[in-house]
Amino acid sequence: MTIKVFNYTYPDCIAIFTFDQSSAHEGFTENALNINNMNINPAGKQRKLCDMHILHSNPNPAPREEDTCGWVQQMIFSDDHPDECL
């Protein structure tokens, strides 16, 4: 609507619009795949994130690499994971 009003009001002008979507920053579910909620090592304060299914439309793997299309990727360390850096 803002752009339509601008175009009507200033028909011979060009504008650059920037919109702050900050209200959407909190729009994630508690277990959403959000980098801010993920740990890189076990034993952190990570949330229990949903597993991710690798799409069948995923790009083909590099030569000599395994095709992971259709696989399930866990997004958390299991509770019995050894507490050591990978």
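User: Hello! In which loop is Pro59 found?

Analyst: Happy to help. This is a predicted model, in which local features need pLDDT of at least 70, side-chain atom pairs count only at pLDDT 80 or more, and totals for chains, interfaces and linings use all residues. Residues are numbered from 1 along each chain as its sequence is written, and side-chain values use heavy atoms, with hydrogens and water left out. Strands are DSSP runs of E, at least two residues, and helices are runs of H or I, at least four, numbered from the N terminus. Pro59 sits in the loop between β1 (52-53) and β2 (72-73).

User: Is Pro59 buried or exposed?

Analyst: Buried means under 20% relative accessible area, exposed over 50%, and partly exposed in between (1.4 Å probe, protein chains only). With a relative accessible area of 63%, Pro59 is exposed.

User: What distance separates the C-alpha atoms of Pro59 and Cys69?

Analyst: Along the chain, Pro59 and Cys69 are 10 residues apart. Their C-alpha atoms are separated by 8.5 Å.

User: Which residue has a positive phi although it is not a glycine?

Analyst: Look in the loop between β1 and β2, which is also the place of Arg64. Arg64 is exposed, because its relative accessible area is 84%. The residue with a positive phi, about 65 degrees, is Arg64.

User: Which residues make the nonpolar surface patch?

Analyst: Patch residues have over 30% relative accessible area and no salt bridge (a side-chain nitrogen of Lys or Arg within 4 Å of a carboxyl oxygen of Asp or Glu). Like charges are joined within 9 Å, and nonpolar side chains (Val, Leu, Ile, Met, Phe, Trp, Tyr) within 5 Å. Here the patch covers about 280 Å², with accessible areas from the Shrake-Rupley method using a 1.4 Å probe; for residues, only the protein chains shown count as cover. Its makers are Ile3, Phe17 and Phe19.

User: Where is the place of Ile3, in which element?

Analyst: Ile3 counts as partly exposed, because its relative accessibility is 43%. Its place is in helix α1 (residues 2-9).

User: In what order do the elements of the chain run?

Analyst: The chain has 1 helix and 2 strands. From the N terminus on, they run α-β-β.

User: Which element has the highest mean pLDDT?

Analyst: pLDDT is the predictor's confidence in each residue, from 0 to 100. The chain has a mean of 78, and 71% of its residues reach 70 or more. Among the elements, β1 has the lowest mean (86), while the highest (89) belongs to α1.
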